[in-house]
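The exercises below ask you to look up side chains in a structure and to reason from what you find. Work through each task before you read the solution that follows.

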Amino acid sequence: MPSRAIKPYEVTAHPGDPTADSPRHRRKPLVKRVWFWLVLVAVALVIAVRIALNPLAAHFTQRGLDSITGYHGSFGSVAVSVVPPRYRVTDLKLIQDGDEHQEPAVYVKTLDAGLVGRKLFKGQLVASASLQDAKFVVKVGQTKVPPEAKEAADKAKREVQKDNLDLSKTLSKVVPLRADRIELRQGEVVMIDATDPKLPRLWVNDIELVLDNLATRRRLDENVPLSLTLRGVVQRTGVLKVMAAADVLADDKPAFTGQAQLSGLKLESLYEWAAAKAGVSPHGTLDAFVNFNSAKGALSGNVKVMVREAKLEPATDKVGDELKAKIGTMALKVLSDRVEGREAVGATLPIRGQLQSPDAQVWPTVLSVVRNAFVDAIDWGFRDLPTPTAPERQGLLKQAAEGLDKKEPGPKAQPTK
Amino acid sequence: MHRLISIICAALVTLTLAACAHPNGERRDPSGTDSNERPAAKARPPKRLETMSTSKTTQQMFKPEGLKKLQAALSQNLDGKEARVGDHNAGGPPTDDTKVGGNGKPVEQTNKLDRQTQLALQAYQKSQGLPETGLPDYETLRRLGLKPEEVFEHELPAERHGVK
C-alpha cells in the first residue's frame, strides 16, 4: 500500500467525520479561536474603559475647573455613562480667588448633562442639561476683584463688541449643536451689595427655569424660537415670572420678545437695602411689569411699577432720616391714586432706542405718575402696556396736554428719530 | 442745567395739580364725575397675584389657535385627576379657586394664557415632575401630545410686525 503523508492538522480531525478533510472545516477552530480572543479583548477593553471612565472624567473636570480664570473649583463626585451618553457631577463649587469668606460664587448640588442618542445616529449633536439645587452669589460693586478675573471679563466684553452684538456670527464659530433643554430646579440667586459694610442681601429663591431650543445653526432649530420660562420668589414674598422668546440667529442683531412680572413684593423685606441706601424703612406692596421687544437692533420696552399702601419710616433716630421719611410719605400721599383699598403710586417708564443705547424717557414717566394720581388710576397688569408711541416727536406741553387728558390712553412714548 | 430745569418744571406741574385737590383730601376728577364711579375692576387689587398677566406682544408669540389646542390638551390630560396648585401670594392650602382641570371642570378654551390655563399648566407640570413655572415650555407641550410648533409661532412678534 502506498504510504500517504499525514499533514499535521489532519491529526486533530475526527476519524469518523466525513467532512473532516474539507479545508473549510479545517479553518473553523482557528476562526473560532480568533473570535473568542477578539470578544475577550473587547470585553476586557469595555471593562477597563468603564473602570477608567469615571476617574478620567473626574480628572478632566478638575482640569476644566482649574482653567477658569479668577476662580478655583471643586466637586464631590463625577459619573459618566456611555449608553445613554450622560455626565453627572455633584457638589460642584466655584469660589472666587481671594474671597475672604471662601463663599462659593456658584454651588450646584447635582448637574446632569447628556446627548440625545437617537439624534447622534442622524449625525446631530443635541444636548440637554439639568441643574438641581443651584445657588449663585452675585456681588454688586465689588472692588477686590482679582486682576485675572477683571482681564477675562474685559476680554469677553471685547469679543462681544467685536461682532457688534451679532450673535449669529458668534454662534457660527462654535460646533453645530442644539441645546434641547436646560433646566434649573430649586435654584437660588443672592445679590450682595459689596459697597456697604453690612453687606445687605437680596434673595431670589425657589427658581424654576427652563431654556428650550438653543441652536447654533438655523437648520438645527425645531421651527420654534428659543424659549425661556422662569418662576421664582423674591425676598420670600414677591412672585417673579418671566416668559421670553428669542431668535438668536436673526440676521444682524438678535430678536426677542417677552415679559416679566413681579407681584406682591412686601417692601418691608427690602429693609436692609433701603436702610443702607436711603436711611428709611419702607412699607407697602410692590408690583412691577416689564415688557420688551427687539428686532434688527431696535428696542422697545416698558416698565410699570405700582406701590400699594406705601409708607416710609425712618430707619434710625437721626434727624436726617426722619425728615427723609416724612417728605417721602408726603410725596407718596400726594402722588397715590384714590382707589379705595389700594392707594397706589403708579408709573410707566417707556424705553425706546437701539439695543446698544436704550433711552429711558423721563417726561412720559413723570406724566404717568401725575396721571395715576389725578386723572385715571393705572391698571394692575399689562393692560396699559405697551405705552403708545407718538407718530412724531412732541413738545413737553403737547405731551402733558395729551398725557393728562382722560380721553387719551395715557402719556405717549416719544419716537427716537 | 437742562436737567435741573426739567426737574423744576416737573415739580411745578405736580404742585399745580396737587392744588386742584379738594380741601378734604378728595381729588377733583377733571371729567366732572365722582371718583367713586370708577370701574369696579380698578377698585380692588386682584385677589390672587401668583398668575401672570399677559401683555399683547406675549399673546402674539402664540399661533392663532395655539392656545386653544393647549387648553384642549390640558382638559384631556387632567380629566379625572385632582389638579390643585397652591398660590404663593394667597398663602394657605389650595382653595376651589385654584382647582382646575379635574372633577369634570375642563379648562375653558379662551385662547388666552389666562389664570385657569396657567394653573392647569402648573398642576400638570407638578404631576409630571417638570419645573413648575405655570408657563408653557416645549417639554410640557410634548408630554401633552402637542408639537411646540403647533402652539408657538416661529417668527417673533418683533420680527413680524417690527418694533414701534
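**Exercise 1. Follow a buried charge.** Find the kind of contact in which the side chains of A:Asp212 and A:Arg181 meet, and then find where the two residues lie in chain A.

Solution. The side chains of A:Asp212 and A:Arg181 meet in a salt bridge, with 3.3 Å from N to O, in what is a predicted model. This distance can be checked against the cut-off for a salt bridge, which asks for a side-chain nitrogen of Lys or Arg within 4 Å of a carboxyl oxygen of Asp or Glu. Next, place the partners: A:Asp212 belongs to strand 7 (residues 201–215) and A:Arg181 to strand 6 (residues 178–193) of chain A, so that the pair links distant parts of the chain, 31 residues apart. Both A:Asp212 and A:Arg181 are buried. As a last step, look at the other side of A:Arg181, whose side chain also meets that of A:Glu183 in a salt bridge of 2.8 Å, N to O. A:Glu183 is buried as well, like A:Arg181.

**Exercise 2. Compare the burial of two partners.** For the salt bridge between A:Asp247 and A:Arg218, decide whether A:Asp247 is buried or exposed, and do the same for A:Arg218.

Solution. Begin with the bridge itself, in which the side chains of A:Asp247 and A:Arg218 come to 3.2 Å, N to O. Because A:Asp247 lies in strand 9 of chain A and A:Arg218 in the loop between strand 7 and strand 8 (226–234) of chain A, the pair ties together parts that are 29 residues apart in sequence. Now apply the cut-offs, by which buried means under 20% relative accessible area, exposed over 50%, and partly exposed in between. A:Asp247 has 10% relative accessibility and therefore counts as buried. A:Arg218 has a relative accessible area of 40%, and is therefore partly exposed. To see these bridges in context, note that the structure holds 16 salt bridges over all chains. Some residues are linked in a network of salt bridges, made up of A:Arg178, A:Asp180, A:Glu222, B:Glu139, B:Arg142 and B:Arg143.

**Exercise 3. Take a core apart.** Work out which elements each supply at least two residues of the largest nonpolar core, and which helix gives the most to this core.

Solution. The largest nonpolar core has 28 residues, and those with the most contacts inside it are A:Met243, B:Phe62, B:Leu70, B:Leu74, B:Leu113, B:Leu141 and B:Phe152. At least two residues each come from strand 9 (238–247) of chain A and, in chain B, from helix 4 (66–78), helix 5 (115–128) and helix 6 (138–143). Helix 4 of chain B gives the most, with five residues. To see what one member does, follow B:Leu70, which touches B:Thr117, B:Leu121, B:Pro136, B:Leu141, B:Leu144 and B:Leu146 when residues up to four places away in sequence are not counted. Apart from this core lies another, of 27 residues, including A:Leu65, A:Leu131, A:Leu209 and A:Val307.

**Exercise 4. Classify a ring pair.** Find how the rings of A:Phe36 and A:Trp37 are arranged, and how those of B:Tyr138 and B:Phe152 are.

Solution. The structure holds four aromatic pairs over all chains. In A:Phe36 and A:Trp37 the ring centres are 5.5 Å apart and the planes stand at 75 degrees, so the pair is edge-to-face. B:Tyr138 and B:Phe152 also form an edge-to-face pair, with 5.5 Å centre to centre and 70 degrees between the planes. B:Tyr138 is in helix 6 of chain B and B:Phe152 in the loop between helix 7 (148–151) and helix 8 (157–161) of chain B, so this pair ties together parts that are 14 residues apart in sequence. Both B:Tyr138 and B:Phe152 are buried, and ring pairs link them with B:Phe62 into a cluster.

**Exercise 5. Turn to the surface.** Decide which residues make the nonpolar surface patch of about 880 Å².

Solution. The patch is made by A:Leu30, A:Val31, A:Val34, A:Trp35, A:Leu38, A:Val39, A:Val43, A:Ile47 and A:Ile51. Take A:Leu38 as an example, which is placed in helix 1 (residues 23–66) of chain A. Its relative accessibility is 48%, so A:Leu38 counts as partly exposed.

Key
Residues are numbered from 1 along each chain as its sequence is written. Chains are lettered from A and ligands numbered from 1 in the order in which they are written. This is a predicted model: local features need pLDDT of at least 70, side-chain atom pairs count only at pLDDT 80 or more; totals for chains, interfaces and linings use all residues. Side-chain values use heavy atoms; hydrogens and water are left out. A nonpolar core is a set of buried Ala, Val, Leu, Ile, Met, Phe, Trp, Tyr and Cys residues joined through side-chain atoms within 4.5 Å. Buried means under 20% relative accessible area, exposed over 50%, partly exposed in between (1.4 Å probe, protein chains only). Helices (H or I, at least four residues) and strands (E, at least two) are DSSP runs, numbered from the N terminus. Contact means heavy atoms within 4.5 Å. Patches are made of residues with over 30% relative accessible area and no salt bridge: like charges are joined within 9 Å, nonpolar side chains (Val, Leu, Ile, Met, Phe, Trp, Tyr) within 5 Å. Accessible areas come from the Shrake-Rupley method with a 1.4 Å probe; for residues, only the protein chains shown count as cover. Rings of Phe, Tyr and Trp (its six-membered ring) pair if their centres lie within 6.5 Å; planes under 30 degrees apart count as stacked, over 60 as edge-to-face and the rest as tilted.
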